[in-house]
Amino acid sequence: MVSIANASTDHPNQAKKRQRNIFVFVCLWLLIFLVEFVKGGLLVTLLPVYMGHVLGLPAFAIGIAFALQYVGDNALRGPAGWLAERLGFRMIMSIGMILVLGAVFIMATEKSTGWLILACGVMGIGSAPLWPCVMSKITDLSHADGKYGTSMSIIEIASLGGAGLGPVTVNWISDTSYQSTLWMMLICMTVVLAIALCLPGRKESSSIATVNNHVTDQTHNNAESLTENQLSAPNLSVSRITRKQRLQQYIVLIRSLHIHPLLYPALFLQSFALGILTPIITLYVISQLGLTPAYFNGLLIAGGGVTALGLIPAGRLIDRWGSRYFLNIGFLLAGTALIGIASTTVLAWIWIFVVCVGLSYAMILPAWNSLLANLVPAQERGMIWGLFLTLQGSGLVIGPLVSGKLWDIISPQAPFFVSASSMFILFGIHWIMIRHRKKLAVSKT
């Protein structure tokens, strides 16, 4: 997190900058919490019931609406990060939040199928800049000391807290009126927009060299010869650089990251392991374990509580010891616990395994984000974060599609075993990446 130690001994300008960084960090935390609160309440609880039972819309229309939301959110994260580096976080986040605000307004005022499908799609597009902008700025704020674990842990608390409290709050309020709930979400998004306007504007890129003519000459040579300044220049003239030249720049940038190619499937698997359980976990607990929804809520609170309580201690230890041990232990613990949940109906063991899953994610979430933050270069930070998050988000889209087939064709336990297998594969990929990194370090020396 942004360090505030020894502030009294710093130069006044440094102390002022530190206070500004803390203010920006708080704004980012509130953005994540409130947007996840609104989206969690709408997508998990309110819209499925409101569109299906109250308005009587067909399940196919609801499915299209939700699919457009998820696709818009994930597919546009890379472009949104790219634009944020050029136009500034304030502008891109404000435009995005205006779109989400407009989407919620449509939901509150319109009842036709077409308008509600459009609103869900617009909400996905509007929320696309959120994570790449936040992760890019958090990486920037924590770059000085290289301690990303604590910052990532605090941001994950905002995400989990918002996504968890949103559905609970909506369940409580929507008993009286769906319209009043939608208007409450509209007020929340108005607050979000006000916070977005407090973010830093466009970066002053005085340190970045202008390479308009040089890039044009370089495209006739090997793309590998492009310099770091060329890769980092966000203000290149469109009239002097063709799309082919710009694409060539980004290809060289991605190659320059020195990332093991297995990281890309790992990004997918990290969220796929969770996404494959999302649609069937409630059904499994009720139909296979014979538990009530209230009992299931208790299990969720226990697992989520362990994760929330463990995030900050884990983040601080990650800053001290690195992410390697926490990822290895987290992947193995999660895989083992998921197999345990699918292999027993004894409630005592179910509780133990749920707590183990919560503990494993308290280690995995900050360690994984810290690992990615160390790989993201200062050049095109928003675009690279957008690329990572798009690949990672695709697992949440594909996972639910696979889980239903596994349930129907193989068994209700099959999604848990596939999720556990994904965790073990992630352990293997991480082990290979560590060995590859050690070989690179030895070869450089």
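**Exercise 1. Determine how helix H6 is covered and whether its length or shortness fits expectation.**

Helix H6 is mostly covered, with 12 of its 13 residues buried. Here buried means under 20% relative accessible area, exposed means over 50%, and partly exposed lies in between (1.4 Å probe, protein chains only). Helices (H or I, at least four residues) and strands (E, at least two) are DSSP runs, numbered from the N terminus. The model is predicted: local features need pLDDT of at least 70, side-chain atom pairs count only at pLDDT 80 or more, and totals for chains, interfaces and linings use all residues. Residues are numbered from 1 along each chain as its sequence is written, and side-chain values use heavy atoms, with hydrogens and water left out.

Step 1. The buried residues of H6 include Trp131, Cys133, Met135, Lys137 and Leu141.

Step 2. The expected span of a helix is 1.5 Å times one less than its number of residues. For the 13 residues of H6 (residues 130–142) this gives 18 Å, and the end C-alpha atoms are 18 Å apart, so the two values agree.

Step 3. Leucine 141 lies 8.8 Å from isoleucine 22, C-alpha to C-alpha, although 119 residues separate them in sequence. Isoleucine 22 belongs to helix H1 (residues 12–54) and is partly exposed, at 27% relative accessible area.

**Exercise 2. Identify which residues are linked in a network of salt bridges, and state whether aspartate 73 is buried or exposed.**

Step 1. A salt bridge is a side-chain nitrogen of Lys or Arg within 4 Å of a carboxyl oxygen of Asp or Glu. By this rule there are two salt bridges.

Step 2. One salt bridge joins aspartate 73 and lysine 39, at 2.9 Å from N to O. This pair links distant parts of the chain, since aspartate 73 is in helix H2 (residues 59–75) and lysine 39 in helix H1, 34 residues apart.

Step 3. Arginine 77 also forms a salt bridge with aspartate 73, with 3.3 Å between the closest N and O atoms. Lys39, Asp73 and Arg77 therefore form a network of salt bridges.

Step 4. Aspartate 73 counts as buried because its relative accessibility is 8%. Lysine 39 is buried too, at 11%, and arginine 77 is likewise buried.

**Exercise 3. Locate the nonpolar surface patch and find which helix gives the most to it.**

Step 1. Patches are made of residues with over 30% relative accessible area and no salt bridge; like charges are joined within 9 Å, nonpolar side chains (Val, Leu, Ile, Met, Phe, Trp, Tyr) within 5 Å. Accessible areas come from the Shrake-Rupley method with a 1.4 Å probe, and for residues only the protein chains shown count as cover.

Step 2. Leu76, Leu83, Leu87, Met91, Ile95, Leu99 and Ile125 make a patch of about 530 Å². Helix H3 (77–87) and helix H4 (89–109) each give two or more residues.

Step 3. H4 gives the most, with three residues. Methionine 91 is in H4 and is partly exposed, at 43% relative accessible area.

**Exercise 4. Describe the surroundings of alanine 337 and threonine 169.**

Step 1. Alanine 337 is in helix H15 (residues 324–343) and counts as buried, at 1% relative accessibility.

Step 2. Contact means heavy atoms within 4.5 Å. Not counting residues up to four places away in sequence, alanine 337 touches Phe353, Cys356 and Val357.

Step 3. With that same exclusion of residues up to four places away in sequence, threonine 169, in helix H7 (residues 149–173), touches Phe37 and Met184.
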